[in-house]
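Colleague: Please take me through the terms applied to this model, with the criterion behind each.

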Amino acid sequence: MNLTKLGMACALTLGMMTTAALAEYPDRPVNMIIPYGAGGATDISARAIAEALTEAAGTPMVMSNVTGAGGATGSVAVQNAKGDGYTMLFARVGSHTVNPAMKATLPYTLDDFRFVTVYEINPVVCAVTPASGITSMDDLIAKINEGGVSYSSSGVGSLLQLAAVMVMKEFGIGNPLEATVHIPQKGGGAAATAVLNGTVTFICTNSSALAGFVANGQLTPLLVTTPERLNGFDAPTAAELGKPALEQLVGWTGIAGPASLTDDVATKWGEWMATAVQDEKFLAVMEKAGSVIELMSPEEAKAFIDGQYQTFRKLVDDLGMRIEG
Amino acid sequence: MSFIDNLMMGLSMVANVGSFLALGTGVAVGVFAGAIPGMSATMAVALTLPFTFALQPITGILLLLGVYKGGIFGGSIPAILIKTPGTPASSATVLDGYPLAEMGQAGKALGMALWASCTADLISNLALILFAGFLASFALSFGPPEFFTLMLFSLTIIAGVSGESLLRGALSAMLGLLLATVGLDLIYGTNRFTFGNANLMGGLNFIAVLIGLFAIPEIIAMVWNPKVFDGQKRSMGKSWVSFADYRRCFKSIVRGSFIGVFLGAIPGIGAAPSAFLSYSEARRTSPNRDKFGKGELEGVAAAEAGNNGVAGATLIPLLALGIPGDVITAIIIGAFMIHGLQPGPMMFILNADIIYALFIGLIVSSVFLFFIGSVAIHGFKYVADIPRGVLFPAVLVLCIFGVFAVNNSIFDVGVMFAMGWVGYFMLRYRIPAAPFLIAFILGPLLEDNFRQAMLMSGSSPVILFRGPITWFFWALTVITVFAIIRAGIKATRRQGPLKVESQT
């Protein structure tokens, strides 16, 4: 990284000296902020598309992980950046719909960002261990009504927490917050471990996080939120179980700039992404992670994110889950 | 397929130039990256990940493992030479490594670090190969209550690294615990001590605190009083570790390796606590315990055995259960998934050849580490010969650069300098820095697991005594605390009459 940075700094100075003020975007490397840690779903997705993007844009994309506070630290870095298109963010469901819906003290809102696209959708899967004796959603709901059921998440204000609550609410649990116990963990890996070692009863998270455990028979999937059945997951869809509203419950990765991002830049990004998502290497990596590639225009992306935010916000307000402190 | 078949298949996958090249490159990159302050093993692995996308699965994973192992050892080089742990895991190495370098025995300390690292690495790899199944089921029996008791016991390490005064050590630990509370509350998601600053929401950056606490105070001290250091340099001497030294420390190395293996097999602990635990155990049982912290070779050996013992063992939950034990293994799991491999029990059946290939590669990596590490030591040891007036400004630049690079945040650089002043005053008032660091690492783990356990049980403390593992750690804690109190009373008795005599 040090060398890359040095190179970037040199290129930057060089770029400033040689080009006029009105040079066409992009005339220097673009700094891409990944608000989550290395090896996570966002990071893998971002690094998989980096190469194709660099080719499409004709300028280096410098990837940097700015982590902390459930994606908030990295998001703030872009919120405060200039809208010249040289600092962009890999926005994720956690940082841009769940967090804004749940946290009153979050230093940003959705209006602080301009989305250029959403390119990847991850369905959500709910799962339990085979040792729990639960084999269907009905079993799980019956168990919840008996009491003593808990679920894990990667932290307060994460998709995992909201997903579990939303699923329970849809399946007729009046107040999921009282019926079950939420045991937050530090990160997605720890959340999956908590189910495996029996600390909690179930987990609802992105299919990519559970694919390995399901393939190995360590976890039993109960529900997927895709319209059709998901490869590798022997579980009914939300629609089959009569809860089509749960199809709103998906993870996604998109690209955003600060609100002041200019139209030129947004148009450029639309073109680059259209080329980049065709890249075979990128598609192969994403397919293995269980993601669906769906390139949205800026308008579609905004409508999609706003829609999910409204759904989440309503759920949070109905149950009084908003964190004020 | 039989064991032999799998072994042969695995051998055929590893025994080619590409794999060995990947492993060698990985170890070299890791040692080098680890040796740069602020460039941790985690960052090195994260940066290598994209390069593995295009490689064969086994080659790519061996490359990452090489970087990981090299990085953990590489961190000890700056820890010994310039009092700056290259990775968090080597913070315990500073305690005795730097005093040794001050005494002109840097070569000896570095050599011992390498030998201890390689021995521990080998033991850890063998544990992975032979006991993966057993240790994996052991790891799965660690829920929040077990974690809590383990962390409680680990906090007793503080007594071992407090130096002359337990009170000063406790003060330092309290400060560490306090600063560790900054950030988001895990259970409620509310802000704690963030003062409305978004930069503080993620808590204080660990690398920034680490470097601020160890390296910056030395630099401030030199700026404060440059005359003392004028033109001073430490000679390497011809010191090199001897086989007799190795044999003397062998028991501590093996003990440290096993501590590393057990803590490494449990997801979520990491290498730094293991290094400290190994160090404090070595000190407790050593006949020269008074020399610990003042330049005792055995301390370096124990610390390095403790952190490298983790390296092979973290692969146990990864391969046997598909669970990442720390950030580094989370990245490696990412690499597995990119190649369509799903670590877990089925992998031992479906992709047994890859598992065996990895095992063989790991064993080879210990050998690579030994040779590449030796070369690196011979290259880096001349750092000790650089006059301080030249060395320290260079170290300062590296520190700023490294801390900035962790999160691309200028705020972190500010944290480093603020911690540097804290560290400087701690140095002046002889408050040891190690307890601060241990508390800073263990405090959040202790708190989070306690609160998770309370959530599980509906706030009934009985859950903290729920099984043999918790009983075991409770017993260890009670015994250790008792021993500390007894030693304290003895020391006071010995000193008591002396003081009276000196007054008369």
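The exchange below sets values against definitions.

Modeller: This is a predicted model, in which local features need pLDDT of at least 70, side-chain atom pairs count only at pLDDT 80 or more, and totals for chains, interfaces and linings use all residues. Residues are numbered from 1 along each chain as its sequence is written, while chains are lettered from A and ligands numbered from 1 in the order in which they are written.

Colleague: Why is Asn408(B) called partly exposed?

Modeller: A residue is buried if 20 or more other C-beta atoms, placed from the backbone, lie within 10 Å of its own, exposed if 12 or fewer, and partly exposed in between. Asn408(B) has 17 other C-beta atoms within 10 Å, so it is partly exposed.

Colleague: What does Asn408(B) touch, leaving aside residues up to four places away in sequence?

Modeller: Contact requires C-beta atoms, placed from the backbone, to lie within 7 Å. Asn408(B) touches Ser64(A) and Val66(A). Between the chains, 51 residues of chain B are in contact with 48 residues of chain A.

Colleague: What makes strand 1 of chain A and strand 2 of chain A a pair?

Modeller: Strands (E, at least two residues) are DSSP runs, numbered from the N terminus, and two strands pair if DSSP finds at least two bridges between them. Five bridges join strand 1 to strand 2 of chain A, therefore they pair, and they run parallel. Among the bridge partners, Ile34(A) is matched with Asn65(A) in strand 2.

Colleague: How do you know that strand 1 of chain A also pairs with strand 3 of chain A?

Modeller: Three bridges join these parallel strands, so the criterion is met. Ile33(A) has Leu89(A) as its bridge partner in strand 3.

Methods. Contact = placed C-beta atoms within 7 Å. Helix = DSSP H or I, 4+ residues; strand = E, 2+ residues; numbered from the N terminus.
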